[in-house]
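Work through the exercises below with the structure in view. Try each task before you read its solution.

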Amino acid sequence: MTTTTTTTTTDPDTGISPKGLSKGTVTVLGAVVIGVSTIAPAYTFTAAIGPTVSAVGLQVPAIIIIGFIPMLLVAFGYRELNQAIPDAGTSFTWGTRAFGPYLGWMTGWGLVIATVLVLSNLAGIAVDFLYLLIAQLTGDAAIAELAANPFINVATCLAFMAIATWVSCRDISTAQKLQLFLVAFQVLVLVGFGIAALVQANGAGAVDHTPIDLSWFNVFDAPSLSAVVAGLSLSIFIFWGWDVVLTMNEEAKDPKRTPGRAAAITIVIVLGLYLLLAIALLSFAGNGESGLGLGNPDIQDNVLFHLSNPIMGPLGWLISLAVLSSSAASLQSTAISPARTLLAMGHYGAVPKRFAAVHPRFLTPVFGTIMSAVVASTFYAVMRFISENVLWDTITALGMMVCFYYGLTALSAVWYFRKTAFGAARTAFTQFFAPLIGGVVLVALFVQTLVDSFDPAYGSGSEIGGVGLVGILGVGMLVLGVVLMLVMRVVAPPFFRGEVLPRGFNRGGLDTKAHFIT
């Protein structure tokens, strides 16, 4: 497939330059749709609600709101950076401009490794729900067991990955149209499911009716501080993915405003969905540890599936279809982020120039998209045959990478705007205090989770020499990034000498005058 690279004029103030992507094609609606799709609320909620209930009990709504706050604070920093430096490299580019090439490279690495490896998890979930859906529709429970066959599982997973990669390689307009249908269906089913649960909570069909109480929103009623920290980690995970809308800033109709608006709208929509579902399911099923109670470890891996028939009756299969469409849609939209980050890294010489190529017709980073898919597919196939524990522990370790690169990106805003942030009360908050608080919280959570993950009991319980596998994998990802960075320093020294994307700070101007939502 023929690709081209584009040489363009560099902005003397920011050091950035366009990369040949399709300009003016992403609308606010399109960006919101892709943002919601990447977060994948149907899949994410069904995976996270059980463990969160086990950690904090009925205080799930409080934990969801608490987890939303650092995301919102970080989003202010992201929005301000996007206004000043609208570049597809986002975290990589902003980190480099603020802290220099080494921290910038590692910030980009955190984004790439988190998103590439989570692609394998999304593909695996899509496989599970495909066969669950077929089993529900046909009434043949044996079909669901096909997903346990590693050969069938991997073959189906690779098929999902191939289709998602093909769509991602095409023009961004095609992706927007496909995602609009999938996301609209997913959101409608989830809203209907939540309303149905609330309606039935007071009826005879309720599993364990628990009256809604304001104490559910009081985090101080949680069992312990450690429980809050555990719940907070899960809560932050369920919001992860909204930043994909910013990696499309060079393709947006209004690069300085569209991504920021879309990011804000995305996280508010998802917050509303999560609160509706959490309140509805707690009221309907309670937090008991047996039967269909949300605290039952036997149903925690797939709460929505187990409650689908009790709540929706013969339409219960819609939940499986919603989660399938959620994971499949997210598989495609999540690929957007690492491909564009790698495009920017290749454009500025931080990785091989081959990554800087864009398709001459579709104007998308085809090589980076394909390489992301190949790495994710290979990883999933190998791990699926070796050990499912290793596979899922790797996914658990990705939560640390999310806190790592979100935190560093937020702190990049603080440092980049340090000379202009206090020119007005609004910018003091959006450019300094908000990203500072959000960034510190996420970096602290990264450090705490890293320490906790060395406990052999963390994650699946796997260990090597008495050290938890999740901790080993988390450190291993960071060390691999450092090694690759040092290799690139030898291969491409101009970037690491600060000659390509120079370190700098905000010099004022239009970037200090926009509102979060205008």
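**Exercise 1: Two unusual backbone angles**

Task: Is Ala-40 buried or exposed? Then look at its phi, and do likewise for Thr-90.

Solution. Start with accessibility: Ala-40 has a relative accessibility of 1%, so it counts as buried. The cut-off for buried is under 20%. Keep in mind that this is a predicted model.

Next, find the place. Ala-40 sits in the loop between α1 (28–39) and α2 (41–56).

Now the angle. Most residues other than glycine have a negative phi. Ala-40 is not a glycine, yet its phi is positive, about 55°.

Repeat for Thr-90. Its loop lies between α3 (60–84) and α4 (91–99). Thr-90 also has a positive phi, near 35°. With a relative accessible area of 2%, Thr-90 is buried.

**Exercise 2: A helix pair**

Task: At what angle do α11 and α12 pack?

Solution. Take α11 (residues 317–334) and α12 (residues 336–347). The angle is about 5°, and the axes are 5 Å apart. Angles under 35 degrees count as roughly parallel, so α11 is roughly parallel to α12.

Then list the contact. α11 gives Gln-332, Ser-333 and Thr-334; α12 gives Ile-336, Ser-337 and Pro-338. Sort these residues by type: 2 are nonpolar, 4 are polar and none is charged.

**Exercise 3: The span of a helix**

Task: How many residues has α13, and how far does it reach?

Solution. Helix α13 covers residues 366–386, which gives 21 residues. From first C-alpha to last, α13 reaches 30 Å. At 1.5 Å a residue, 30 Å is expected, and the span is close to that.

Finish with burial. The buried residues of α13 include Val-366, Ser-372, Phe-379 and Met-383.

Key. Residues are numbered from 1 along each chain as its sequence is written. This is a predicted model: local features need pLDDT of at least 70, side-chain atom pairs count only at pLDDT 80 or more; totals for chains, interfaces and linings use all residues. Side-chain values use heavy atoms; hydrogens and water are left out. Axes are lines fitted to C-alpha atoms, for helices over the stretch in contact, and angles run from 0 to 180 degrees between N-to-C directions. Helices (H or I, at least four residues) and strands (E, at least two) are DSSP runs, numbered from the N terminus. Angles under 35 degrees count as roughly parallel, over 145 as roughly antiparallel, 65 to 115 as roughly perpendicular and the rest as oblique. Contact means heavy atoms within 4.5 Å. Ala, Val, Leu, Ile, Met, Phe, Trp, Tyr, Cys and Pro count as nonpolar, Asp, Glu, Lys and Arg as charged, and the others, Gly among them, as polar. The expected span of a helix is 1.5 Å times one less than its number of residues. Buried means under 20% relative accessible area, exposed over 50%, partly exposed in between (1.4 Å probe, protein chains only).
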